[in-house]
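Thanks, everyone, for making time this morning. I would like to walk through one model with you, beginning with a single residue and then widening the view.

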Amino acid sequence: MTRPPTHDLAAEQAVIGAALLAPSVVADLAATLAPADFYRPAHGRLWETLCHMHSAGQPIDPIALAARLAETGDLATVGGAPYLHTLIAAVPTTANAGHYARIVAEHARRRQVADLGAYLAQRADDGTDVADIVATGRAMLDQAAGTAQWPPLIPLGDHRHLPDFPGYVLPDWVAEHVYAVAEFTQTPVDLAGCIALAALSTAAGGRAEVEVRGSWREPTNLFTVVVLPPGSRKSAVFAAMTGPLLAAEKALVERTKPAIVEAELAARVAGKTAEKAAIAAANADTSGRDTLLAEATAAAMNADAVTVPVLPQLVADDVTSEEAASLLAEQAGRLAVLSPEGGIFATIAGRYSGIPNLEVFLKGHAGDMLRVNRRSRAPEHVEHPALTLGLAVQPDVLRDIADMPGFRGKGLLARILFSLPENTVGRRKIGADPVPEPVATTYAGNLGALVMSLAEWTDPAVLPLTPEANERVLDIERAVEPRLAAGGAWGHVVDWGSKYTGAVVRLAGLIHLAENLRDGWGKAITADTIDRAALLGEYFAAHALAAFSDMGADKATRNARHVLAWIERTAATAFTKRELFRAVKSNQIPTVADLEPVLSLLEAHGHIRQLDPPERPRTGGRPPSPSYLVHPETHQPAATVHPLTDTRRTA
């Protein structure tokens, strides 16, 4: 039976309660007591907040602390305002605050020693060099004894601990399938969630638009891009989430075939009639030629007016810009490019032609009129093109597209909703439960019903907002605008941020239609739907900041984030360079030499510290690998900026 880690919750409560009763003790205790020393995460969060408030010169009392926690979204996490009064009641006397703090610190040191024992046992079993084990163990012991001091952490980037995809805001039939697919494939919920949004966009894009106010209307098509490394089961998730679209496409084809046969027959008959009329006019004498010529002209125009429907196509894969434009013209302005790969980016950047062609993607997202030139036919105009993009790309593709000509400058990247979920490879559960049949059947049936119910619309259905929903949109606009100013939180991604409110409105339109499958076009979008879409917007805002940060980061910073993710995932408190390389070796970090700038960067930011190199063995052999300790606070959730309120939020 495993014993729980040593701790004293009563002492932890007494420390925080004493700080609330006598704020002056915070300065004395903060020098020796870190948030990581608390066993209960809520207590660590409270202590961290108290220290921040004290350093900022803010008053400390239960009301002020509750207000601060409410601002950062942590009040419910720590137990709510009533728990703060529970902490105060748990203090026998504030005079003993230092004694309570020493108890908490002592238990923290004991847990570190226990971690040391587990570390040594594990390394002894996996064949790690004895010299490495001894050197690392000695340093960890010094740290547990309090002889090793750490400098404050310097943040490495702004996308650690990104928010999880809020699938619960989706309609139940979508959310249940998203979570079931993620469980069965053991993939992040983000992947299935974003592809579900792309599937809804495929069903509704070009057939509905949201009327915000005045002439402002937003179409309901999206560009979503999920970033995951190879081996992440992207194809399996795509098949589960988009399979019903292909089934619906097949049903549309079967429904259209009789009309195609009829139109082709009518075209042949009209053509023969026009041909006979033309021959008769050509052979007529002068007196009757004008009448026959008029009849031949009318017959030719009738023949030309016969339109043969094309086979419906909802989904394409790796198409060129020219092919996408032609398909949009053929399919009455609606098309989706869905793929578990990112080759489409290289294609539109000019892989085959050598010339980037972004027009169809820019106008296909905005709904602006698109002119399609054809070699064999007259040019066509697509009044309101609606192109959906749903991709899953590898991290290298994300970095490459930032350098592709025109992608940033012309606004393609500004139209994309990015998702950078945490990779689950290496931690996946074997034998996960498959998607329940009723869940899959309901998802397929409802998605197909949405496709079929909107398929016949030629002019887009207009979805108005209720007055309350309009106020919610205005609130979002008011919150976003200051972020876009020079020096604002989104000042460096103003192109993406300028389209944020429109993206939220589009998401609301899709949620509304998915929740009202057969009559959504006859109802107004409610404030609750806008609120749910706004939660998705906050998710995508945080991930977009991370994506643009990654696109602008140098190689050493990107690799350092990769190593830091391994440290956090494995909860490593110490490691050797050799051990780290075995764990993170990849195309991204192919040699041990590639770790040098990474380790230097992490050490400069305070996340790790190299131990004194152990002595070389006198008997010869391979020298011990350099060892590193991990800053205790590296494993604490990082504070992030809430995308709209700009308040600090611990993820």
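In which strand does Thr-224 lie? Thr-224 belongs to strand 3, which covers residues 223-227, and I should say straight away that what we are looking at is a predicted model. Because its relative accessibility is 0%, and buried means under 20%, Thr-224 counts as buried. If we set aside the neighbours within four places in sequence, Thr-224 is in contact with Cys-194, Ala-198, Leu-389, Gly-390, Leu-391 and Leu-417.

Leu-391 brings us to Phe-345, which touches Leu-391 as well as Val-225, Val-393, Val-397, Ile-401, Met-404, Phe-407 and Ile-416, again not counting residues up to four places away in sequence. Phe-345 is also one of the four residues, with Met-241, Phe-407 and Phe-418, that touch the most other members of the largest nonpolar core, a set of 117 residues. Helix 20, residues 527-552, supplies the largest share of this core, namely 14 residues. Apart from that core lies another one, of 36 residues, including Ala-18, Leu-46, Trp-47 and Cys-51.

Let me turn, finally, to a pair of helices. Helix 8, residues 172-185, packs against helix 16, residues 437-454, at an angle of about 130°, with the axes 9 Å apart, and that angle makes helix 8 oblique to helix 16. The crossing of the two is left-handed. On the side of helix 8 the contact is made by Trp-173, Val-174, Glu-176, His-177 and Ala-180, and on the side of helix 16 by Val-439, Ala-440, Thr-442, Tyr-443, Asn-446 and Leu-447; by type, these residues divide into seven nonpolar, three polar and one charged.

Key:
Residues are numbered from 1 along each chain as its sequence is written. This is a predicted model: local features need pLDDT of at least 70, side-chain atom pairs count only at pLDDT 80 or more; totals for chains, interfaces and linings use all residues. Side-chain values use heavy atoms; hydrogens and water are left out. A nonpolar core is a set of buried Ala, Val, Leu, Ile, Met, Phe, Trp, Tyr and Cys residues joined through side-chain atoms within 4.5 Å. Buried means under 20% relative accessible area, exposed over 50%, partly exposed in between (1.4 Å probe, protein chains only). Helices (H or I, at least four residues) and strands (E, at least two) are DSSP runs, numbered from the N terminus. Contact means heavy atoms within 4.5 Å. Axes are lines fitted to C-alpha atoms, for helices over the stretch in contact, and angles run from 0 to 180 degrees between N-to-C directions. Angles under 35 degrees count as roughly parallel, over 145 as roughly antiparallel, 65 to 115 as roughly perpendicular and the rest as oblique. A crossing is left-handed if the near helix is turned anticlockwise from the far one by less than a right angle, and right-handed if clockwise. Ala, Val, Leu, Ile, Met, Phe, Trp, Tyr, Cys and Pro count as nonpolar, Asp, Glu, Lys and Arg as charged, and the others, Gly among them, as polar.
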